[in-house]
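Good morning, and thank you for making time for this item. I should like to take you through one structure; please have the sequence and the coordinates open as I speak.

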Amino acid sequence: TFRPFGNYIVGARNADVAGNINAGSVFVVDDATGSTVLRVDGTTGSEQLGQNLEFGIFDTLGGSLADSFAILSPSHGGNSEGAVFFVNSEVGAVTRQIDGLIGDTLGSFNLQIVPGGHLAIRNPFSDAGGANAGEILFVNAFANFVTSGSVLGISSGELLGNVAVDTGTLSSLGTGQFLVYSPVRDVSGETDAGTVLLMQGSGAVNLQGAFFGLQAGDGLGSGGSSSVQILSGGRLVLFNPAADDPTGALGVPNNEGAVILASTTSFSELGRSYGQTDDNEGLGSVAFVTERPNGNLFIHSPGAGTSNEGALYLVNGTAPNENFGSNLVPFTLTNGDVLVQSQSSSAGGFANAGTMAQIVSDGSLGGGNIIRGRIDGSSAGELLGQFGVTTSGDGVHYFVRSQLADPGGLADAGSIYF
């Protein structure tokens with residue numbers, strides 16, 4: 001591989017070194033003379049140093065780092081300690097070598113860029129915080145790879161670092177924050193309750209806050225970035241469909257599910273909601289909420305109810321397999337109401353006739369009621385809502401097209417509801 005400012009990198013992973021078969025070597029070769037300016041060797045048989053070289057992240061960082069690269073060698077050392085080498089190919093020198101401890105196999109995972117120009121080195125088999133508790137070490141790429149922070153696993157078998165660091169979810173905030181997931185961390189004696197860590201990369205890397213699963217097996221963070229949503233005002237939603245409600249039957253894995261609202265500015269949990277049924281509702285399995293202009297949220301739970309009637313909290317479906325709440329029509333009426341459709345609903349007495357409910361999002365109806373009105377399909381297989389909704393000019397009235405309706409017994413004659 002040719003680097004931008006000159007010199008070639010040559011990997012020879014099957015090279016024999018000092019009698020160690022397939023120990024491997026990496027050469028930095030002067031592009032003008034062809035002479036070797038640096039050689040890095042493996043130390044043990046079958047190490048195959050040179051098999052994993054990283055260039056791309058340094059190309060991304062650019063500037064003075066464009067001629068750097070990394071050697072990842074998880075079998076380096078006599079007891080699978082592993083090592084990561086940071087090399088400056090322009091001058092032909094190892095800028096820093098980081099060695100793991102016995103059994104770490106450091107270098108098993110690719111490096112990641114995190115905010116602030118740091119690199120994350122994941123080491124899930126580290127015993128620093130407990131047997132295989134794991135560790136993530138951060139180094140400053142623009143300061144000769146000096147250590148700029150770390151975070152340790154705290155329970156045996158936690159394997160912190162086994163899940164990739166999430167640098168994308170919070171990037172739109174521009175705050176230098178990122179997330180670390182540890183879904184099998186034990187919390188307050190609860191096995192595999194799971195934790196999501198809020199990290200800051202501006203300056204030195206540091207831990208700002210932590211959000212916890214509360215029951216054994218909750219596994220908070222197991223969905224990684226797909227189980228997180230950013231809202232306005234720096235709010236963060238964490239979805240935990242395997243969570244058990246601590247107020248439910250003790251020792252019974254009901255998997256009601258939980259949706260957790262947190263703040264990236266106060267670094268704290270703002271509240272959490274659990275599914276309201278004990279039948280594996282899995283609240284949070286639909287990994288999004290719908291935010292209203294007033295800051296309120298609709299939480300979607302199509303698996304609610306003993307027969308998957310579904311719920312849009314606080315709106316409940318009425319028919320088996322309706323999965324109510326799985327879809328919001330993507331527009332808002334001018335009075336702030338939204339429309340909720342459930343094409344497979346049989347609420348009107350006809351199989352899969354569909355239904356369309358108009359929902360108040362500001363609580364103005366009082367008494368916990370947020371259903372302003374509801375239209376049910378009037379014929380089997382109508383799938384009301386499938387063909388969309390059209391608003392009138394005043395933004396309050398709307399037309400619901402239903403091309404599969406059977407008015408007067410005429411199959412698929414179609415109807416329009418106003």
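Five aromatic pairs are present in this structure, which is a predicted model. Consider F58 and F145, which form one of the aromatic pairs in an edge-to-face arrangement. Their ring centres are 6.2 Å apart, and the planes meet at 80°. An angle over 60 degrees is what places a pair in the edge-to-face class.

Where do F58 and F145 lie? F58 belongs to helix 1, residues 56-61, while F145 sits in the loop between strand 10 (135-140) and strand 11 (146-152), so the pair ties together parts that are 87 residues apart in sequence. Are these rings buried or exposed? F58 is buried, with a relative accessible area of 0%, and F145 also counts as buried, at 2%. Ring pairs further link F58 and F145 with F86, giving a cluster of these three residues.

The loop that carries F145 also contains N144. N144 is not a glycine, yet its phi is positive, at about 60°. With 58% relative accessibility, N144 counts as exposed, whereas F145 is buried.

I turn now to the sheet. Four strands make up an open sheet, in the order 4-5-6-7, with antiparallel pairing. Which strands stand at the edges? They are strand 4 (52-54) and strand 7 (93-99); each has a single partner strand, so one side of each is left without a neighbour in the sheet. On average, and ignoring direction, neighbouring strands in this sheet are turned by 20° against each other.

As a reminder, strands of a sheet pair through backbone hydrogen bonds, either parallel or antiparallel. Strand 4 and strand 5, the latter spanning residues 68-73, run antiparallel and are joined by three bridges. In that pairing, L53 has I71 of strand 5 as its bridge partner.

Between strand 5 and strand 6 (83-88) there is a loop, and S80 is found in it. Like N144, S80 is a residue other than glycine with a positive phi; for S80 the value is about 55°. S80 counts as partly exposed, at 35% relative accessibility.

Strand 6 itself includes F85. F85 counts as buried, at 3% relative accessibility. The C-alpha atoms of F85 and D99 are separated by 8.6 Å, with the two residues 14 apart along the chain.

Further along the chain, strand 17 (residues 258-263) and strand 18 (residues 269-274) run antiparallel, joined by five bridges. One partnership to look at is I260 with R272 of strand 18. The two strands form a hairpin with five residues between them. Which residue in the turn has a positive phi? It is F267, at about 60°.

My last topic is the surface. F2, Y8 and V10 together make a nonpolar surface patch of about 270 Å². V10 has its place in strand 1, residues 8-12. At 38% relative accessibility, V10 counts as partly exposed; the class lies between the buried limit of 20% and the exposed limit of 50%.

To close, I would ask you to return to two places in the model. One is the ring cluster of F58, F86 and F145, and the other is the open sheet in the order 4-5-6-7. Thank you; I am happy to take comments.

Conventions. Residues numbered from 1 in each chain as written. Predicted model: local features only at pLDDT ≥ 70, side-chain atom pairs only at ≥ 80, totals over all residues. Heavy atoms only, no water. Pairing = 2+ DSSP bridges. Axes fitted to C-alpha atoms, helices over the stretch in contact; angles between N-to-C directions. Patch = residues over 30% accessible without salt bridge, like charges linked within 9 Å, V, L, I, M, F, W, Y side chains within 5 Å. Areas by Shrake-Rupley, 256 points an atom, 1.4 Å probe, with all protein chains shown as cover. Salt bridge = Lys/Arg side-chain N within 4 Å of Asp/Glu carboxyl O. Buried < 20%, exposed > 50% of the residue type's maximum accessible area, 1.4 Å probe, protein only. Phe/Tyr/Trp six-rings, centres within 6.5 Å; stacked < 30°, edge-to-face > 60°.
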